[in-house]
Amino acid sequence: QVQLVESGGGLVQVGGSLRLSCAASGRTGASYPMAWFRQAPGKEREFVARITRSGGSTDYADSVKGRFTISRDNAKNTAYLQLSSLKLEDTAVYYCAASGYGTKPAGYDYWGQGSQVTVSS
């Protein structure tokens with residue numbers, strides 16, 4: 001089992017920045033591929049970004065490309081999502097996920113509890 005705990009969410013103005021963290025514990029000896037998803041009220045959970053085990057390859061949803069950056073520090077068992085140039089439509093609960101593949105939520109085995117990001121005008 002792997003436990004994931006997100007932190008770093010909050011309230012930010014349009015154009016601002018935040019950094020989300022996802023700390024993994026449990027069976028972390030084998031580093032897992034990790035991803036971030038988000039879910040806005042009344043909408044389905046959607047893919048945001050993903051990163052390979054080594055961190056050498058990343059992938060982003062078109063809606064966040066060029067504004068968000070996913071990274072990881074395997075020595076700390078932590079993944080990050082840097083959110084920049086935030087827009088109102090980025091408001092959502094952000095979830096980290098591990099041990100999976102692809103851009104669908106069903107492809108991931110472990111999930112964090114979510115971290116609220118609210119962008120205000």
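Here are five short exercises on the structure above, each with a worked solution.

The model is predicted, so local features need pLDDT of at least 70, side-chain atom pairs count only at pLDDT 80 or more, and totals for chains, interfaces and linings use all residues. Residues are numbered from 1 along each chain as its sequence is written, and side-chain values use heavy atoms, with hydrogens and water left out.

**Exercise 1. The open sheet**

Find the strand order of the open sheet of 4 strands and name its edge strands.

Solution. Start with the terms: strands are DSSP runs of E with at least two residues, numbered from the N terminus, and two of them pair if DSSP finds at least two bridges between them. Reading across the sheet then gives S1-S3-S8-S7, with antiparallel pairing. Strand S1 (2–7) and strand S7 (68–73) are the edges, as each pairs on one side only. Next, look at S3 (residues 18–26) and S8 (residues 78–83): their antiparallel pairing runs over 6 bridges. Within S8, Gln-82 is the residue opposite Arg-19.

**Exercise 2. The disulfide**

Locate the disulfide and work out which parts of the chain it ties together.

Solution. The criterion is a pair of cysteine sulfur atoms within 2.5 Å, and it yields a count of 1 disulfide. The partners are Cys-22 and Cys-96, with sulfur atoms 2.0 Å apart. The angle about the S-S bond is 55°, and the link is right-handed. Cys-22 belongs to strand S3 and Cys-96 to strand S9, so the bond joins parts 74 residues apart in sequence. For burial, the classes by relative accessible area are buried under 20%, exposed over 50% and partly exposed in between, using a 1.4 Å probe and protein chains only. Cys-22 is buried, at 0%, and Cys-96 is buried too, at 0%.

**Exercise 3. A salt bridge between distant parts**

Describe the salt bridge of Arg-38 and Asp-90, then place it in its network.

Solution. A salt bridge needs a side-chain nitrogen of Lys or Arg within 4 Å of a carboxyl oxygen of Asp or Glu. For Arg-38 and Asp-90 the N to O distance is 2.9 Å. Arg-38 sits in strand S4 (residues 34–39) and Asp-90 in the loop between S8 and strand S9 (92–100), 52 residues apart. Both residues are buried. Finally, Glu-46 and Arg-67 join Arg-38 and Asp-90 in a network of salt bridges.

**Exercise 4. Two further salt bridges**

Give the distance and the exposure of the partners for Arg-50 with Asp-59 and for Asp-62 with Lys-65.

Solution. The whole structure holds 5 salt bridges. Arg-50 and Asp-59 meet at 3.0 Å, N to O. Arg-50 is partly exposed because its relative accessibility is 29%, and Asp-59 is partly exposed at 26%. In the other pair, the closest N and O atoms of Asp-62 and Lys-65 are 3.2 Å apart. Asp-62 is exposed, at 68%, while Lys-65 is partly exposed, at 47%.

**Exercise 5. Rings and a charge**

Classify the ring pair of Tyr-108 and Trp-111, and find the rings under the charged end of Arg-45.

Solution. Rings of Phe, Tyr and Trp (its six-membered ring) pair if their centres lie within 6.5 Å; planes under 30 degrees apart are stacked, over 60 edge-to-face and the rest tilted. This rule gives 6 aromatic pairs. Tyr-108 and Trp-111 have centres 6.5 Å apart and planes at 75°, so they are edge-to-face. Both belong to an aromatic cluster with Phe-37, Phe-47 and Tyr-95. A charge sits over a ring if NZ of Lys or CZ of Arg is within 6 Å of the ring centre and within 35 degrees of the ring normal. The charged end of Arg-45 sits over Tyr-95, 3.7 Å from the ring centre, and over Trp-111, 4.9 Å from the ring centre.
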